[in-house]
Amino acid sequence: MGTLNICSTIDDIEAHNIEPDCIGCHMPETIRPLVQGFPERPGRKHLWRGGHSPEMVTQALQVEIQKESENGNRFEYEIKTTNVGTHHKLPTGTPDRHILLKMSLLDKRKGS
C-alpha cells in the first residue's frame, strides 16, 4: 500500500518539470541592513506570504463571473476560478485549507 502525501506542494511543482523555489516566491526580495547601523545589503523578507496574503491570492487566482440567467428576482451566475500564478495547487498544504469566495449582488436602482 502506497503513502498518501496530503501536503504535496513540491510534487505538484516537480510535475511541471520545474525546480521548486519556495523562497523565491514566498519571501520577497528586499534591501536592508542586516543589523541597524550597518550597510544595506540584499536579503529577503521573512513573511512566508501565501493564502493568507490577499496580494498573493490576487496574483495567483483568476476569477471569471458570468451571468447565466435571470428569472424575475432570481439570478444565476457561473463563477470560474483558475490558478494562473503558481505551479502547485491553489490552495495547497493541509487538507483543511480552502478559499472562500464572497459575492454581493447590488441593485443600483436602489442606490446600493
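Helices (H or I, at least four residues) and strands (E, at least two) are runs assigned by DSSP and numbered from the N terminus. The model is predicted, so that local features need pLDDT of at least 70 and side-chain atom pairs count only at pLDDT 80 or more, while totals for chains, interfaces and linings use all residues. Residues are numbered from 1 along each chain as its sequence is written, and side-chain values use heavy atoms, with hydrogens and water left out.

**Exercise 1. The largest pocket**

Find which helix gives the most to the lining of the largest pocket, and which residues lie nearest the centre of that pocket.

Solution. Begin with the term: on a 1 Å grid over the protein atoms alone, a pocket is an open set of points with protein on both sides within 12 Å along at least five of seven lines, where a 1.4 Å probe fits, and a lining residue has an atom within 4 Å of a point. Grid points are joined across faces, edges and corners, and the volume is the space filled by probe spheres set on the points. By this reckoning the largest pocket holds about 760 Å³ of space. Its lining is made of 31 residues, and H26, R49, G50, H88 and T92 are the ones nearest the centre. Next, turn to the helices: α1 (9–14), α2 (22–26) and α3 (54–60) each supply at least two residues of the lining. The answer is α3, which gives the most, with 4 residues.

**Exercise 2. The hairpin of β1 and β2**

Describe how strand β1 pairs with strand β2, and work out which parts are tied together by the salt bridge of R44 and E29.

Solution. Two strands pair if DSSP finds at least two bridges between them. Strand β1 (residues 29–33) and strand β2 (residues 40–44) are antiparallel and share 5 bridges. Within this pairing, E29 stands opposite R44, and P33 stands opposite E40. The hairpin leaves 6 residues between the strands, and in its turn G37 has a positive phi of about 95 degrees.

Now take the side chains, for which a salt bridge is a side-chain nitrogen of Lys or Arg within 4 Å of a carboxyl oxygen of Asp or Glu. R44 and E29 meet in such a contact, at 3.4 Å from N to O. Because R44 lies in strand β2 and E29 in strand β1, the pair ties together parts that are 15 residues apart in sequence.

For exposure, the cut-offs of relative accessible area are under 20% for buried and over 50% for exposed, with partly exposed in between (1.4 Å probe, protein chains only). E29 is exposed at 63%, whereas R44 is partly exposed at 25%. E40, which belongs to strand β2, is exposed at 58%. The C-alpha atoms of E40 and H88 are separated by 34 Å, with their positions 48 residues apart along the chain.

**Exercise 3. The hairpin of β3 and β4**

State how many bridges join strand β3 to strand β4, and locate the salt bridges of K67 and of R74.

Solution. Strand β3 (residues 61–71) and strand β4 (residues 74–83) run antiparallel and are joined by 10 bridges. N71 has R74 of β4 as its bridge partner, and the hairpin has 2 residues between the strands, with G72 taking a positive phi near 65 degrees. K67 forms a salt bridge with E70, the closest N and O atoms being 2.7 Å apart, and K67 is partly exposed at 45%. R74 meets E76 in another salt bridge, at 3.2 Å from N to O; R74 is exposed at 54%, while E76 is partly exposed at 37%. A search of the whole structure finds 5 salt bridges.

**Exercise 4. Backbone angles**

Identify where N17 and W48 are placed, and say which peptide bond into P91 is cis.

Solution. As background, most residues other than glycine have a negative phi, and most peptide bonds are trans. N17, though not a glycine, has a positive phi of about 60 degrees; it sits in the loop between α1 and α2 and is exposed at 76%. W48 has a positive phi near 45 degrees, is found in the loop between β2 and α3, and is partly exposed at 42%. Finally, the peptide bond from L90 to P91 is cis, with omega near 0 degrees, and P91 lies in the segment after β4.
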